[in-house]
Amino acid sequence: MKCPKNVDFDHHSKKFVDDPYTIYRELRDNRPACHTENHGGFWLLSRYDDVRQTLLDADTFSSSYPGRVAIPNTSRTPPAPLIPIEVDPPLHTHYRSAIADYFTKSNVNKLNGKATHLASNIIDNLLPNRRCDVVKDYAEPFFSQFLAVFLGLPASDSNRWITWAKAIFAGRVQDPEAAQLARTELQSYVDTIFESRKGQQRTDIFSQILQLTIEGRKLSTEELRGFGMEILLAGREATIDAISNAIYYLAKRPNEQLMLIADASLLPSAIEEMLRWDSPIQLLGRVASKDTTIHRQTIRAGQSIAIMYGSANHDE
C-alpha cells in the first residue's frame with residue numbers, strides 16, 4: 001500500500017526537540033519517504049539505506065543550491081555558495097582536497113596540548129560557581145577559542161564569531177533580517193582576512209586558500225569568501241553540539257563516566273558511538289535536480305529533501 005504522502009513534521013517544534021527518536025521510528029516504519037508543508041515544504045528520507053544512497057548520488061540530489069542545504073532554506077544577498085558544502089562533485093572534490101592536509105588527524109593532534117590547556121582554563125574559571133550552562137559557558141567558548149588557535153586568528157575575535165553564528169543559525173527563523181546582517185558582517189570580516197594575507201609569506205589556511213588554483217585558475221573573490229565563511233561557520237554547530245551532547249549523555253550515566261576515566265583507550269570508540277547515538281547534525285538538505293521516485297513517492301525536480309542523519313543512525 002502506498003503510504004500517506006504528507007506529515008506534520010517540524011524539526012523546530014518543542015515536540016521534536018524533546019524526543020526526535022520516537023518521531024524518527026514512526027517515519028522509518030510507516031512513512032520512509034514523505035513530505036511536510038512546514039518551512040516552505042520539503043521531503044523527508046529517514047531510513048539508513050535511503051540516506052546513504054542519496055548522499056552518494058549528487059547527480060540526482062544536489063548541494064549546489066546556495067542557502068538550501070539548510071532547512072528552512074536561507075535567503076542570501078548575494079546568493080553565493082559556501083565552499084565546499086554547497087558545491088557538487090567534481091568541483092567539490094577539488095575544493096576539499098586542496099585543504100585536506102590541514103584537517104588530517106596528525107596535524108590536528110599537534111594541537112592536543114593547547115586544546116587541553118584551553119579546556120582546563122575554562123573549567124577552572126567555572127568551578128567557583130559550582131554550576132554552569134554547558135553550551136554557553138563551556139562548549140561555545142572552547143570551540144571558538146580553539147578555532148582561533150587552529151586558524152591563526154586573534155582569540156579576541158572569538159566572541160564576534162559566536163554572535164554572528166548565533167544570528168545566522170539559531171536566529172534565522174525568528175529574525176531573518178538579523179541573520180542577513182550577521183552574514184554581511186562576517187563576509188566583510190572574511191574579506192579583510194584574505195586582503196591582509198596578500199603578499200605575505202604565511203602558512204595559515206587562509207594564506208593557503210589564497211594561493212589555490214582550481215582547474216588552472218585562481219579563486220575568485222566570491223569563492224574566497226565562500227571558503228572563508230564556511231571555515232568559520234561549518235564546524236561550529238556540529239562541534240558545539242557534539243561536546244554538549246556527550247557531556248549530557250555521560251552526566252546521565254555515571255557508571256560509563258567511571259569506565260572511561262579508568263580506561264582512556266575506550267575514548268575513541270566511545271566518541272564515535274556518542275556521535276552516532278545523538279547526531280550533532282540531525283538533518284541537512286539536498287535539492288532534486290530531476291524527478292525521482294523513492295518508496296513509490298515522486299519527488300519533483302527543484303524540491304528540497306531533508307537527509308535525516310539522526311534517524312539513519314538509529315535505523316535497525
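In this predicted model, E140 is a buried residue, with a relative accessible area of 8%, and its charged side chain meets that of R236 in a salt bridge whose N to O distance is 3.1 Å. Because E140 belongs to helix α7 (residues 134-151) and R236 to helix α11 (residues 221-251), the pair ties together parts of the chain that are 96 residues apart in sequence. R236 likewise counts as buried, at 8% relative accessibility, so each partner falls under the 20% limit that defines a buried residue.

Side chains of opposite charge can pair when their charged atoms come close. The count of salt bridges in this model comes to 14, and two further examples can be set beside the one just described. In one of them, D157 forms a salt bridge with R160, the closest N and O atoms being 3.6 Å apart; here D157 is buried at 11% relative accessibility, whereas R160 is partly exposed, with a relative accessible area of 40%. In the other, the side chains of D204 and R202 meet at 3.6 Å, N to O, and in this pair D204 counts as buried at 11% relative accessibility, while R202, at 41%, counts as partly exposed. Salt bridges also link several residues into a network, whose members are R25, R28, D315 and E316.

From these charged pairs we can turn to the sheet. Strands of a sheet pair through backbone hydrogen bonds, either parallel or antiparallel. In this structure five strands form an open sheet with mixed pairing, and a reader who crosses the sheet meets them in the order β1-β2-β9-β6-β3. The edges are formed by β1 (33-36) and β3 (61-62), each of which pairs on one side only. Within the sheet, strand β2 (residues 42-45) and strand β9 (residues 304-307) run parallel and are joined by three bridges, and at this pairing L44 stands opposite A306 in β9.

A helix accompanies these strands. Helix α3, which spans residues 48-56, lies across β2, β3, β6 (284-288) and β9, and with respect to β9 the helix runs at about 120 degrees. Among the strands that α3 lies across is therefore β3, an edge strand of the sheet, together with β2 and β9, the two parallel strands that the three bridges join.

How values were computed:
Residues are numbered from 1 along each chain as its sequence is written. This is a predicted model: local features need pLDDT of at least 70, side-chain atom pairs count only at pLDDT 80 or more; totals for chains, interfaces and linings use all residues. Side-chain values use heavy atoms; hydrogens and water are left out. Two strands pair if DSSP finds at least two bridges between them. Helices (H or I, at least four residues) and strands (E, at least two) are DSSP runs, numbered from the N terminus. Contact means heavy atoms within 4.5 Å. Axes are lines fitted to C-alpha atoms, for helices over the stretch in contact, and angles run from 0 to 180 degrees between N-to-C directions. A salt bridge is a side-chain nitrogen of Lys or Arg within 4 Å of a carboxyl oxygen of Asp or Glu. Buried means under 20% relative accessible area, exposed over 50%, partly exposed in between (1.4 Å probe, protein chains only).
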